[in-house]
Amino acid sequence: RSASVMTRSASVMMKSASLMTGPTLLLASEHMGPLAADACAQANQRTPGSTALGTVAWRRFPDGTPNILIEDAEDLNQYDSVVLLGCFDSGSAIFEQLSALYTLPGYGAKSLKLLLPFYPTGTMERVLVEGEV
């Protein structure tokens with residue numbers, strides 16, 4: 001992606017999340033780090049000190065299963081909102097990000113938001129048989 005597209009995407013993303021009040025922690029999926037950094041910078045230009053960029057280590061065990069570390073977990077209760085900028089580009093990515101997302105309330109997240117700039121549906125354009133997705 002070009003830098004201008006990334007900047008526009010970051011701007012739109014932070015406008016869509018503009019309902020957040022108080023300090024916000026922005027976490028990013030493995031492929032959304034650059035966009036999250038741009039969005040964080042733009043949010044802090046609008047309201048200095050409003051958004052912190054968190055760190056998530058998206059590691060894997062040797063067998064390929066997720067070994068995720070949210071490095072800011074002990075500080076989650078200091079933020080009014082925790083936002084995960086997701087990227088559901090594959091089944092394994094969805095599983096990993098949902099695993100991380102589900103743990104955040106247990107670490108003290110007061111408000112949790114998932115931002116998906118693009119959601120690739122895996123459905124057909126129309127249902128032909130009852131029960132199809």
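Start by selecting Asp89: at 46% relative accessibility, Asp89 counts as partly exposed. Keep in mind along the way that this is a predicted model. Asp89 sits in the loop between strand 5 and helix 3. Now add His31 and Pro120 to the selection, since Asp89 is in contact with both, leaving aside its neighbours within four places in sequence. Draw a distance between the C-alpha atoms of Asp89 and Pro120: they are separated by 6.6 Å, although the two residues are 31 apart along the chain.

**The whole chain**

Zoom out and switch to a cartoon view. You will find three helices and six strands, and reading along the sequence gives the pattern α-β-α-β-β-β-β-α-β. Colour by burial next: buried residues make up 35% of the 133 residues in the chain. If you display contacts between residues at least 6 apart in sequence, 71% of them join residues at least 24 apart.

**The open sheet**

Select strands 2, 1, 5 and 6. In that order they form an open sheet of four strands with parallel pairing. Which strands stand at the edges? They are strand 2 (51-53) and strand 6 (112-115); each has a single partner strand, so one side of each is left without a neighbour in the sheet. Look along the sheet and you can follow its twist, which averages 25° from one strand to the next.

Move in on strands 1 and 2, which run parallel and are joined by three bridges. Across this pairing, Leu26 stands opposite Leu53 in strand 2. Now bring helix 2 into view: it packs on the sheet, touching strand 1, strand 2 and strand 5, and its direction makes about 155° with that of strand 2.

**Helix 2**

Stay with helix 2 and select residues 33-46. At 1.5 Å a residue, these 14 residues should span 20 Å, and the end C-alpha atoms are 20 Å apart, which agrees. Show side chains for Leu35, Ala36, Ala39, Cys40, Gln42 and Ala43, the buried residues of the helix. Turn the view until you look down the axis of helix 2: its buried residues fall within an arc of 165°, so they line one face of the helix. On the other side, Pro34 and Gln45 are exposed.

Pick out Cys40 from helix 2. Is Cys40 buried or exposed? Cys40 has a relative accessible area of 8%, and buried means under 20%, so Cys40 is buried. Leaving aside neighbours within four places in sequence, Cys40 is in contact with Leu26, Thr51, Ala52 and Leu53. One of these, Leu53, is 13 residues away along the chain, and its C-alpha atom is separated from that of Cys40 by 6.3 Å.

**The hairpin**

Move on to strand 3 and strand 4 (residues 66-70), which pair in the antiparallel sense over five bridges. Select Arg60 to find one of these links: its bridge partner in strand 4 is Pro66. Five residues lie between the strands of this hairpin, and there Gly64 takes a positive phi near 95°.

**Helix 3**

Select helix 3 next. Its 13 residues reach 19 Å from first C-alpha to last, close to the 18 Å expected at 1.5 Å a residue. The buried residues here are Ala93, Glu96, Gln97, Ala100 and Leu101. Seen down the axis of helix 3, they fall within an arc of 135°, so they line one face of the helix. What covers these buried residues includes strand 3, strand 4, strand 5 and strand 6. Flip the view to the face turned away from the buried side and you meet the exposed residues Gly91, Phe95 and Tyr102.

**The nonpolar cores**

For the last stop, show side chains for Leu25, Leu27, Val56, Ile70, Leu76, Val82 and Leu104. They have the most contacts inside the largest nonpolar core, which has 14 residues. Strand 1 (24-28), strand 3 (56-60), strand 5 (81-85) and helix 3 (91-103) each supply at least two residues of this core. Centre on Leu104: not counting residues up to four places away in sequence, Leu104 touches Leu27, Ile70, Leu76, Val82, Ala109 and Leu112. Then select the second, separate core of 11 residues, which includes Leu35, Ala36, Ala39 and Leu85. Three of those names take you back to helix 2, where Leu35, Ala36 and Ala39 are among the buried residues.

Key. Residues numbered from 1 in each chain as written. Predicted model: local features only at pLDDT ≥ 70, side-chain atom pairs only at ≥ 80, totals over all residues. Heavy atoms only, no water. Expected span 1.5 Å × (residues − 1). Buried < 20%, exposed > 50% of the residue type's maximum accessible area, 1.4 Å probe, protein only. Arc of directions from axis to C-beta. Core = buried A, V, L, I, M, F, W, Y, C linked by side-chain atoms within 4.5 Å. Contact = heavy atoms within 4.5 Å. Pairing = 2+ DSSP bridges. Axes fitted to C-alpha atoms, helices over the stretch in contact; angles between N-to-C directions.
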